[in-house]
Amino acid sequence: MNTCLTIAGSDSSGGAGIQADIKTMTANGVYAMSAVTALTAQNTTGVTNIMEVTPDFLSDQIDAIFTDIFPDAVKTGMVSSTELIEVISDKLKEYDAKNIVVDPVMVATSGAKLISDDAIETLKKRLLPIATVITPNIPEAEVLSGLEIKSEEDMIAAAKAIYEAFGCAVLCKGGHQINDANDLLYRDGDFVWFKGRRIDNPNTHGTGCTLSSAIASNLAKGNDLDTSVKNAKDYISGALAAMLDLGKGSGPMNHAYKIM
């Protein structure tokens with residue numbers, strides 16, 4: 001069985017983070033493993049507390065995985081401190097990890113910044129250059145490119161700037177009033193649009209985590225990047241279309257829709 005590692009924070013409500021990643025990886029046919037960067041107390045209405053792990057403990061988790069069940073792909077999610085980003089970068093390079101998918105969680109859909117400027121700079125210098133593909137949303141792509149994005153042409157320009165700065169493929173996620181859930185994959189001067197259908201479901205908690213984990217799962221199985229993105233978008237569309245409705249806020253998707 002192919003294997004996949006998620007390095008991210010725990011979501012106690014199960015809709016995002018480590019829990020969403022493990023569900024997604026399992027649903028996409030790979031064996032899921034995890035290295036937890038932080039514990040959170042959260043539900044569909046928000047986050048009430050966060051407790052980060054120490055850099056040494058994160059390092060030990062990653063060592064334990066790579067020295068026993070070597071992952072065929074790795075996905076990283078929200079990591080809020082410079083020290084933890086440095087540990088992740090150092091360990092992935094030490095073990096020559098392959099198929100690294102970085103979800104550069106920096107800016108919330110609301111526009112609120114989620115990590116410090118120092119951590120963003122460390123992410124740029126240490127983690128993005130070793131990524132196979134990164135999956136920024138529109139606000140994150142603006143931060144990484146330094147460009148304002150108001151149109152599909154702007155998405156192309158921003159993705160090109162990010163690729164040229166960091167050398168990794170870029171899946172710039174649509175939405176945010178730019179288009180109808182169409183994502184742009186850019187690498188090495190070439191780009192392709194992956195069309196998506198806008199699903200009228202307010203329960204979208206964990207969509208970014210889920211998409212990046214589905215891409216990593218497909219890469220772990222040996223699919224090329226284009227096929228991995230297409231399969232991941234098909235999966236997330238199905239999970240949203242299942243119209244799961246849990247909680248008092250923006251609820252989770254049905255990650256297990258294929259088996260229920």
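## A tour from Y235 outward

Start by selecting Y235: this residue is buried, with a relative accessible area of 1%. Buried means under 20% relative accessible area, exposed means over 50%, and partly exposed lies in between, using a 1.4 Å probe and protein chains only. The model is predicted, so local features need pLDDT of at least 70 and side-chain atom pairs count only at pLDDT 80 or more, while totals for chains, interfaces and linings use all residues. Residues are numbered from 1 along each chain as its sequence is written, and side-chain values use heavy atoms, with hydrogens and water left out.

**Stop 1: the rings**

Show the aromatic side chains. The whole structure holds four aromatic pairs, where rings of Phe, Tyr and Trp (its six-membered ring) pair if their centres lie within 6.5 Å; planes under 30 degrees apart count as stacked, over 60 as edge-to-face, and the rest as tilted. Select F66 and F70: their pair is edge-to-face, with 4.9 Å centre to centre and 85 degrees between the planes. F66 is buried at 5% relative accessibility. F70 is partly exposed at 38%.

Now return to Y235 and add Y257: the ring centres are 5.7 Å apart and the planes meet at 35 degrees, so this pair is tilted. Y235 belongs to helix α8 and Y257 to the segment after α8, so the pair ties together parts 22 residues apart in sequence. Helices (H or I, at least four residues) and strands (E, at least two) are DSSP runs, numbered from the N terminus. Y257 is partly exposed, at 22% relative accessibility.

Add Y95 to F66 and F70: ring pairs link these three into a cluster.

**Stop 2: the cores**

Which residues have the most contacts inside the largest nonpolar core? Select L5, I7, L58, F66, I88, L92 and I134, out of 44 residues in that core. A second core, of 26 residues, lies apart from this one; L171, L211, A214 and I236 are among its members. A nonpolar core is a set of buried Ala, Val, Leu, Ile, Met, Phe, Trp, Tyr and Cys residues joined through side-chain atoms within 4.5 Å.

Centre on I134. Setting aside neighbours within four places in sequence, I134 is in contact with V102, L128, L144, I162, C168, A169, V170 and L171. Contact means heavy atoms within 4.5 Å.

**Stop 3: two cysteines**

How many disulfides does a search of the whole structure find? Zero, counting a pair of cysteine sulfur atoms within 2.5 Å as a disulfide. Select C168: the nearest cysteine sulfur belongs to C172 and is 12 Å away. C168 is buried, at 0% relative accessibility. Move to C172: its nearest cysteine sulfur is that of C168, 12 Å away. C172 is buried too, at 1%.

**Stop 4: helix α6**

Select residues 152-166. This is α6, with 15 residues, and its first and last C-alpha atoms are 21 Å apart, close to the 21 Å expected at 1.5 Å a residue. The expected span is 1.5 Å times one less than the number of residues.

Colour the buried residues of α6: M155, A158, A159, I162 and F166. Look down the axis of α6: these residues fall within an arc of 100 degrees, so they line one face of the helix. The arc is that of the directions from the helix axis to the C-beta atoms. An α-helix has 3.6 residues a turn, so residues three or four places apart point the same way.

Turn to the face away from the buried side: E153 and E164 are exposed there. What do the buried residues of α6 pack against? Their partners are α4 (117-127), β7 (133-134), α5 (138-145), β8 (169-172), β9 (183-187) and β10 (190-194). After α6 comes G167, with a positive phi near 75 degrees.

**Stop 5: S145**

Select S145, in helix α5. S145 is buried, at 16% relative accessible area. The C-alpha atoms of S145 and I162 are separated by 5.4 Å, although the residues are 17 apart along the chain. Beyond its neighbours within four places in sequence, S145 is in contact with A158, A161 and I162.

**Stop 6: two positive phi angles**

Select D188, in the loop between β9 and β10. D188 is not a glycine, yet its phi is positive, about 50 degrees. Is D188 buried or exposed? At 57% relative accessibility, D188 is exposed.

Finish at M243, in the segment after α8 (225-241). M243 also has a positive phi, of about 60 degrees, without being a glycine. M243 is partly exposed, at 44%.
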